[in-house]
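The following note is offered to a colleague who is beginning to read protein structures. Please keep the structure in view while going through the numbered points.

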Amino acid sequence: MKAIVNVFLKAGVLDSQGKAVHHALDSLHFDRVKDVRVGKQIVLQLDENNKEKAMAYVTKMCEELLANTVIEDYTIELV
Amino acid sequence: MKVSILQFPGTNCEFDTQYAFEKLGCDTEIVWHKTESFPSDTDLLVVAGGFSYGDYLRSGAIAKFSPIMKAVVGYAKSGGKVLGICNGFQVLTEARLLPGALKRNEGLHFISKHHHLRVENSDNIFLKKLNKGDIVNIPIAHHDGNYYINKEGLKELETNSQILLRYTDKDGKIENPNGSVESIAGVCNKEKNVFGLMPHPERAMEAVLGSADGIAMLKGFLES
């Protein structure tokens with residue numbers, strides 16, 4: 001099973017990179033962009049076929065290492 | 001006095017830190033992160049600056065799982081004195097020994113220059129040689145120095161006098177180089193035995209090299 005983890009700064013924590021990209025898009029005349037957030041994606045190949053177990057396993061990884069929950073939120077997608 | 005200095009792959013300030021504390025008359029030892037303990041007669045443990053693990057994932061995120069860190073956490077929890085400088089500060093926040101987190105600088109640039117700092121609290125073993133309101137001139141060199149803490153956390157820092165230093169100009173007026181919340185450059189834990197700051201006092205030990213203000217800062221650890 002594959003797990004796709006997306007990590008983004010929490011809403012309310014200023015995302016300087018997102019802001020810089022937004023400015024750059026503005027200057028390229030992409031003027032219908034309301035907000036930009038830059039994050040990172042971590043793709044994990046798991047030796048686990050049980051969805052529930054995989055979710056618990058990856059959640060633990062996120063809490064311990066993949067995200068810093070002081071400033072970041074994460075989402076997990078299993079495929 | 002014995003100062004143990006941690007070294008991870010990518011650490012690059014361990015020898016400057018060693019020089020600084022030896023100049024102050026301390027015995028020093030550099031401790032490789034793969035070992036599980038450091039000298040038992042350690043009076044101060046320093047997590048030195050640099051780029052542990054290449055800053056991969058997040059600055060300090062991988063270093064916190066190095067074998068030596070269990071001993072560091074145990075030492076800190078039992079009241080041992082710990083100082084994290086720059087990347088060391090990042091490691092200590094990642095290990096939750098200090099509150100908050102360090103984000104990418106607001107302007108997205110790596111900043112390397114001398115910066116003035118204002119002492120916010122000196123009723124602690126680190127800054128006791130200085131007075132509240134004193135201005136020091138100390139180099140900063142970081143990409144991820146943008147200190148973040150939420151509103152409740154900030155209130156707690158203020159209530160417990162945990163804010164050590166703020167970035168200012170030479171007259172003590174706030175001048176924020178990296179977007180840090182409230183221009184914060186360094187904090188300590190509630191118990192006041194774990195200290196972290198982004199600026200490098202160990203690089204300000206010789207007037208001929210620009211500033212010797214780091215001496216008064218690091219000296220605080222000597223008499224306690």
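1. A term is needed before the pattern of chain A can be read: helices (H or I, at least four residues) and strands (E, at least two) are DSSP runs, numbered from the N terminus. With that in hand, chain A follows β-α-β-α-β along its sequence, a total of 2 helices and 3 strands. The reader should bear in mind that this is a predicted model.

2. On confidence, the predictor assigns the complex an ipTM of 0.88 and a pTM of 0.95. For chain B the mean pLDDT is 97, and 100% of the residues reach 70 or more. As a general caution, where pLDDT is low, predicted coordinates should not be read in detail.

3. The overall form of chain A deserves comment. Its radius of gyration is 16 Å, whereas a compact globule of 79 residues would have a value near 12 Å. Along the principal axes, the C-alpha atoms of chain A fill a box of roughly 45 × 25 × 15 Å. Of the 79 residues of chain A, 11% count as buried. Among the contacts in chain A that join residues at least 6 apart in sequence, 67% are between residues at least 24 apart.

4. How are the strands of chain A ordered in their sheet? They form an open sheet of 3 strands in the order β2-β1-β3, with antiparallel pairing. At its edges stand β2 (40–45) and β3 (72–78) of chain A, each of which pairs on one side only. On average, neighbouring strands of this sheet are turned by 20° against each other, direction ignored.

5. Two details complete the picture of the chain A sheet. Strand β1 (residues 2–9) of chain A is joined to β2(A) by 6 bridges, the two running antiparallel, and A:Val7 stands opposite A:Lys40 in β2(A). Helix α2 (residues 51–66) of chain A lies across β1, β2 and β3 of chain A and runs at about 155° to β3(A).

6. Chain B contains an open sheet of 9 strands with mixed pairing, in the order β2-β1-β3-β4-β11-β10-β9-β6-β7. Why does one side of both β2 (27–32) and β7 (135–142) of chain B lack a neighbour in the sheet? These strands stand at the edges, and each has a single partner strand, so one side of each is left without a neighbour. Neighbouring strands of this sheet are turned by 25° against each other on average, direction ignored.

7. The mixed pairing can be followed strand by strand. In general, strands of a sheet pair through backbone hydrogen bonds, either parallel or antiparallel. In chain B, β4(B) and β11(B) pair in the parallel sense over 4 bridges, with B:Val194 in β11(B) as the bridge partner of B:Val82. On the other hand, strand β10 (residues 184–188) of chain B and β11(B) run antiparallel and are joined by 3 bridges; here the bridge partner of B:Gly186 is B:Leu197 in β11(B). These two strands, β10(B) and β11(B), form a hairpin with 5 residues between them, and B:Lys192 in the turn has a positive phi of about 60°.

8. Are the residues on the two faces of β11(B) buried or exposed? B:Val194 and B:Gly196 on one side, and B:Phe195 and B:Leu197 on the other, are all buried, and both faces of the strand are covered. In a regular strand, side chains alternate between the two faces of the sheet.

9. Helix α3 (residues 87–94) of chain B is largely enclosed by the rest of the structure, because 8 of its 8 residues are buried. Among them are B:Phe89, B:Val91 and B:Leu92, together with B:Gln90 and B:Glu94. The cover over these buried residues includes β3 (44–47), β4 (81–85), β5 (101–103) and β11 (194–197) of chain B. After α3(B) comes B:Arg96, whose phi is positive, near 60°.

10. B:Ile215, in helix α5 (residues 213–219) of chain B, counts as partly exposed because it has 18 C-beta neighbours inside 10 Å; the cut-off for a buried residue is 20 or more.

11. Finally, the contact between the chains takes 11 residues from chain B and 8 residues from chain A. On the chain B side, the residues divide into 4 nonpolar, 2 polar and 5 charged.

Conventions
Residues numbered from 1 in each chain as written. Chains lettered and ligands numbered in written order. Predicted model: local features only at pLDDT ≥ 70, side-chain atom pairs only at ≥ 80, totals over all residues. Rg over C-alpha atoms; globule rule 2.2 N^0.38 Å. Buried ≥ 20, exposed ≤ 12 C-beta atoms within 10 Å, placed from the backbone. Contact = placed C-beta atoms within 7 Å. Nonpolar A, V, L, I, M, F, W, Y, C, P; charged D, E, K, R; others polar. pLDDT = per-residue confidence, 0-100. Pairing = 2+ DSSP bridges. Axes fitted to C-alpha atoms, helices over the stretch in contact; angles between N-to-C directions.
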